[in-house]
Amino acid sequence: MSKGIVLEARHLTRKFKMANNRMVAAVDHVDLKMYEGKTLGIVGESGCGKSTLMRMLVQLDKPTEGQIIYRGKDITNDKGKNLRENHRRIQMVFQDPMASFNPRMKVAEIVSEPLLNFKLIKKKEKEKEVKRYLEMVDLPEEFMNKYPRNMSGGQRQRVGIARALTLEPEVILCDEATCSLDVSVQDRIIKLLVKLQREKGITIAFICHDVALVQSMAHELAIMYLGNIVERIPGDKVHKEARHPYTKSLIGSIFDVSINRSIAIDPIESEFTRALDLPHGCNFQNRCPHCKKICTVEKPQLTKIDYQHFVACHLYE
Amino acid sequence: MLEIQHLTVKYGYHPPSVKDFSLSMKPGEIVSIVGESGSGKTTVIRSLLGALPKGGQVVEGDICFEGESLLGKSDEEWRQLRGKRMSMIFQDSGVMINPIRKIGGQFVEYIRTHEDISKKDAWQKGVIMLEKMCLSNGENIMNSYPFQLSGGMRQRVGIAMAMVFQPKLLLADEPTSALDVTTQAQIVRQMMELKEVHNTGIIIVTHNLGVASYMSDQILVMQSGRIVEMGNQEDVLYNPSHTYTKTLLESVPKMEGKRYV
């Protein structure tokens with residue numbers, strides 16, 4: 001067991017059956033390592049398999065192939081009691097908290113439910129505990145008696161985070177936790193997550209499609225394209241050293257506030273290939289400006305090009 | 001072209017959602033309205049189109065479009081105006097389109113509501129519009145159901161529909177916030193082209209300050225129903241005077257900006 005690795009995915013693959021018995025690989029041989037107290041950002045367009053990957057990591061979905069390793073132990077096929085223990089250590093914050101809460105439960109119930117489920121507290125301690133967790137996410141204690149519908153999006157997301165924290169998990173997976181929020185609220189949620197990570201040493205995986213946001217808070221970034229990870233890069237290097245053409249085009253599509261208006265924006269044209277009819281070779285070939293002959297034949301593998309920097313592209317082999 | 005004076009909109013007996021909103025706009029100008037959700041951005045746009053939700057009502061002020069006041073128009077007069085001289089792009093055009101009908105039929109119906117032409121010509125017109133919006137195979141799109149198209153494609157269909165009659169004013173309510181960053185860039189480019197080719201005036205509501213700064217000539221910042229700051233693009237972005245504008249600008253994630261870890 002390597003030191004510091006909390007959660008690891010090895011050759012994780014998830015295939016879905018489509019009409020005519022065709023198979024779609026939503027996640028295709030993904031290798032990931034999540035280190036203690038660090039943040040891993042996962043970036044990609046919709047449909048690239050980010051959420052499927054997350055769902056497998058929290059064990060809401062079973063991989064077709066591959067293993068999930070938690071602290072050196074294979075947990076892929078855990079059932080019953082073990083699975084329950086895993087859920088306790090790996091928690092998730094969802095994109096739309098409104099959809100993940102029971103609309104008829106008050107905040108106090110939402111936050112204390114996991115604690116009561118695992119018999120960590122007694123019923124009469126409920127109030128005290130809820131107060132403690134609300135304070136942790138900077139919400140006033142009056143919120144205990146509110147319903148989810150009576151709160152703003154940002155407040156709901158905080159409750160979602162509080163609920164994920166209650167079981168003191170080692171890993172929190174955030175699936176686009178901030179993308180439905182306004183920028184200023186988003187900023188506050190990110191600050192909160194970073195603060196909690198510092199205090200408790202939680203490992204965070206953060207899914208998002210905004211590269212600029214993720215790079216500001218992640219130690220490492222994994223860029224996904226159609227089920228594959230095409231680049232892994234330390235967060236502080238993204239701006240200057242991103243190599244993969246897809247990563248570059250993602251960065252090129254960001255609208256910065258101080259953007260130079262005289263320069264025409266240069267987005268990658270054409271739509272996403274559907275995961276069903278994937279071409280031979282590199283998945284990105286039909287949108288790539290540097291497509292060579294080899295790209296249509298052979299699929300590039302993740303190769304190390306620098307310290308902690310991996311790229312899957314024939315340009316850098 | 002467009003002149004809004006002291007617009008105040010109320011829903012029922014609640015305090016006004018939009019208060020004292022004034023704006024004047026020249027043809028071919030792009031104005032963006034920035035602000036958090038609940039700040040009244042959408043209400044402004046909707047009152048321009050005379051499409052306030054039930055209970056919503058303009059209690060004060062006036063809206064003048066090409067020299068005539070829009071308030072107090074009859075339903076029939078509104079119908080003449082909407083679609084032809086003024087049109088709207090929604091946040092998710094997929095919701096605007098009927099999910100169980102093909103694009104073509106709806107497009108033809110839309111064109112024939114406003115113009116007296118044959119179905120065949122209307123179809124042709126639709127195909128041309130779609131192709132102008134960089135949807136390469138127009139015929140194919142016309143024969144598709146909305147769910148067969150991706151989010152970006154649906155949004156282009158929405159823009160194509162809005163642009164058929166080359167309106168003088170295009171209202172866009174968060175046209176890119178449901179899209180991926182790459183698609184967003186494509187749609188923004190599309191809208192900039194509209195301005196250059198047809199001299200369309202655009203009011204875009206967005207919470208993405210980056211998009212606003214790239215597109216617009218004027219920027220309005222709204223907070224709880226009021227304009228807290230307005231001016232041309234440079235003034236607002238580089239010399240913000242209101243604290244709220246400053247916080248907004250600070251919270252936009254930047255590539256070379258601050259890092260938390």
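**Strand pairing, helix packing and the chain interface in a predicted model**

In β7(B), A172 of chain B stands opposite B:I89. This pairing is a convenient place to enter the structure, which is a predicted model. The two strands concerned, β6 (residues 86–89) of chain B and β7(B), run parallel and are joined by four bridges. On β7(B) there is also a parallel pairing with strand β8 (residues 201–206) of chain B, this one over five bridges. Here B:L169 is the residue that stands opposite B:G201 in β8(B).

Strand β7 of chain B, residues 169–173, is mostly covered, with five of its five residues buried. Its side chains can be followed by direction: B:L169, B:L171 and B:D173 point one way, B:L170 and B:A172 point the other way, and all are buried. B:D173 is thus among the buried residues of this strand.

Elsewhere in chain B, the loop between β5 (68–69) and α2 (75–81) holds B:K73. This lysine is partly exposed, because 14 other C-beta atoms lie within 10 Å. B:K73 and B:G50 are separated by 23 residues in sequence, and their C-alpha atoms are 8.9 Å apart in space. When neighbours within four places in sequence are left aside, the contacts of B:K73 are B:G50 and B:W78.

Turning to chain A, eight strands make up an open sheet of mixed pairing, and their order is β6-β7-β8-β3-β9-β10-β12-β11. The edges are taken by β6 (90–93) and β11 (303–306) of chain A; each has a single partner strand, so one side of each is left without a neighbour in the sheet. From one strand to the next, the twist averages 25°.

At the β11 edge, the pairing of β11(A) with strand β12 (residues 309–311) of chain A is antiparallel and extends over three bridges. Within it, A:T303 stands opposite A:V311 of β12(A). The loop between β11 and β12 of chain A contains A:Q308, a residue other than glycine whose phi is positive, near 60°. A:Q308 is exposed, because 11 other C-beta atoms are found within 10 Å. Most residues other than glycine have a negative phi, which is what makes such positions worth a second look. A further positive value, near 45°, is that of phi in A:H29. A:H29 belongs to strand β2 (residues 23–35) of chain A, and with 18 other C-beta atoms within 10 Å it is partly exposed.

At the other edge of the sheet, helix α6(A) lies across β6 and β7 (171–175) of chain A and runs at about 175° to β6(A). Helix α6 (residues 153–165) of chain A also packs with helix α4 (residues 107–117) of chain A: their axes come within 7 Å and cross at roughly 25°. At that angle α4(A) is roughly parallel to α6(A), and the crossing is right-handed. The residues that meet are A:V107, A:I110, A:V111 and A:P114 from α4(A) and A:V159, A:A162 and A:R163 from α6(A). By class, this contact consists of six nonpolar residues, no polar ones and one charged.

Helix α4(A) has a further partner in helix α5 (residues 126–136) of chain A, with an angle of about 105° and axes 9 Å apart. This geometry makes α4(A) roughly perpendicular to α5(A). On the α4(A) side the contact is made by A:A108, A:V111, A:S112 and A:L115, and on the α5(A) side by A:K126, A:E129, A:V130 and A:Y133. The class division here is five nonpolar, one polar and two charged residues. A:V111 faces α5(A) in this contact and also takes part in the contact with α6(A).

Finally, the two chains meet through 37 residues of chain A, which are in contact with 35 residues of chain B. On the chain A side, two or more residues are given by each of α7 (183–200), α8 (211–217) and α10 (245–252). The largest share, seven residues, comes from α7(A). Sorted by class, the side of chain A that touches chain B has 16 nonpolar, twelve polar and nine charged residues.

Definitions and conventions. Residues numbered from 1 in each chain as written. Chains lettered and ligands numbered in written order. Predicted model: local features only at pLDDT ≥ 70, side-chain atom pairs only at ≥ 80, totals over all residues. Axes fitted to C-alpha atoms, helices over the stretch in contact; angles between N-to-C directions. Parallel < 35°, antiparallel > 145°, perpendicular 65-115°, else oblique. Left-handed = near helix turned anticlockwise from the far one by under 90°. Contact = placed C-beta atoms within 7 Å. Nonpolar A, V, L, I, M, F, W, Y, C, P; charged D, E, K, R; others polar. Pairing = 2+ DSSP bridges. Buried ≥ 20, exposed ≤ 12 C-beta atoms within 10 Å, placed from the backbone.
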